[in-house]
Amino acid sequence: VRSYCRNGGNVLVSGSNIGTDLWDRVYPLPPASTYQAEAQKFAKEVLGYRWLTNYAERSGKVNAVHVKNMDMGHLTGPIGFCQIPNDRIYCVETPDGLLPDSDKATTFLRYANTGIPAGICNEGDGYRSVSIGFPVEVIRDENDRTALMKAIMDYFNNGK
């Protein structure tokens, strides 16, 4: 992925444990310290984020934050995602809170109740990355999911 980005490729990463898996011990096993250190370095240097918490929100909602180079105009209200078990799609009980880790990284989503950053956009050297602390596929409303993906794709394309 590092090589892909060096060659101008943009990256979207989303998931409920994209920070927790790298910084915290999810399972009661000893951490592989070399792997963990390299993975953290990759998240910071390539993706532009670092982990804050794995208990970032309980309401299942995020709000868009308007930032330079990303048009979030179609996202006018809170974006809901599945956080409660249901029979339609899996849920995200503990979404990750992420922080920007460079002056080229910016928060573009915040959890509604806590204000903790949920999404980070990053201006890499010749590429862009977006990292979100919950999976985009669990966004409840199709229009919100489409609007968010459009904003991300426009952000990627405007960087070229």
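This passage walks through the sheet, the nonpolar cores, helix α4 and the salt bridges of a predicted model.

The sheet makes a handy starting point. Six strands come together in an open sheet, in the order β1-β8-β7-β6-β3-β4, and the pairing is mixed. At the edges sit β1 and β4 (79–80), each of which pairs on one side only. Strand β3 (residues 61–64) runs antiparallel to β6 and is joined to that strand by three bridges. Within this pairing, Asn 63 stands opposite Arg 110 of β6, and Ala 64 has Leu 109, also in β6, as its bridge partner. β3 is also paired with β4, again in the antiparallel sense, this time over two bridges. Here Val 62 of the β3 stretch faces Ile 79 in β4.

Next comes the packing. The largest nonpolar core is made up of 30 residues, and the ones with the most contacts inside it are Met 70, Phe 108, Leu 109, Val 130, Ile 132, Phe 134 and Leu 148. At least two residues of this core come from each of β6, β7, β8 and α4. The top contributor is α4, which puts in six residues. Leu 109 thus turns up twice in this account: as the bridge partner of Ala 64 and among the best-connected residues of the core. Met 70 gives a good feel for how the core is put together. Once its neighbours within four places in sequence are left aside, Met 70 touches Phe 108, Cys 121, Val 130, Ala 151, Ile 152 and Tyr 155. Apart from this core lies another one, of 13 residues, which includes Cys 5, Val 11, Leu 47 and Tyr 127.

Helix α4 deserves a paragraph of its own. It covers residues 142–158, and at 1.5 Å a residue its 17 residues should span 24 Å; the C-alpha atoms at its ends are in fact 24 Å apart, so expectation and model agree. At the N-terminal end the helix is capped by Asp 141, which places a side-chain oxygen 2.9 Å from the backbone nitrogen of Asn 143. Further along, the buried residues of α4 are Ala 147, Leu 148, Ala 151, Ile 152, Tyr 155 and Phe 156. An α-helix has 3.6 residues a turn, so residues three or four places apart point the same way. The buried residues of α4 pack against four strands: β1 (11–14), β6 (105–111), β7 (117–123) and β8 (128–132). Of these buried residues, Ala 151, Ile 152 and Tyr 155 are among the contacts of Met 70, while Leu 148 is listed with the best-connected residues of the core.

The same helix also holds a salt bridge, in which the side chains of Lys 150 and Asp 154 meet at 2.8 Å, N to O. Both residues lie in α4, four residues apart, or about one turn of the helix. Lys 150 is partly exposed, at 41% relative accessible area, and Asp 154 likewise counts as partly exposed, at 26%.

That pair belongs to a set of four salt bridges found in a search of the whole structure. Side chains of opposite charge can pair when their charged atoms come close. Another member of the set links Arg 50 to Asp 101, with an N to O distance of 3.1 Å. Arg 50 is in strand β2 (residues 49–53) whereas Asp 101 is in the loop between β5 (97–100) and β6, so this bridge ties together parts that are 51 residues apart in sequence. Arg 50 is partly exposed, with a relative accessibility of 33%, and Asp 101 is partly exposed too, with 27%. Arg 128 and Glu 123 form a further salt bridge, their closest N and O atoms being 3.1 Å apart. In this pair Arg 128 is buried, with just 6% relative accessible area, whereas Glu 123 is partly exposed at 25%.

A last polar detail involves Gln 36, found in helix α3 (residues 33–47). Gln 36 has a relative accessible area of 15%, and because the cut-off for burial is under 20%, this residue counts as buried. A polar atom of the Gln 36 side chain lies 3.1 Å from the backbone oxygen of Leu 22.

Key. Residues numbered from 1 in each chain as written. Predicted model: local features only at pLDDT ≥ 70, side-chain atom pairs only at ≥ 80, totals over all residues. Heavy atoms only, no water. Expected span 1.5 Å × (residues − 1). Buried < 20%, exposed > 50% of the residue type's maximum accessible area, 1.4 Å probe, protein only. Contact = heavy atoms within 4.5 Å. Polar contact = N/O pair within 3.5 Å; in protein donor to acceptor, adjacent residues only side chain to side chain. Core = buried A, V, L, I, M, F, W, Y, C linked by side-chain atoms within 4.5 Å. Pairing = 2+ DSSP bridges.
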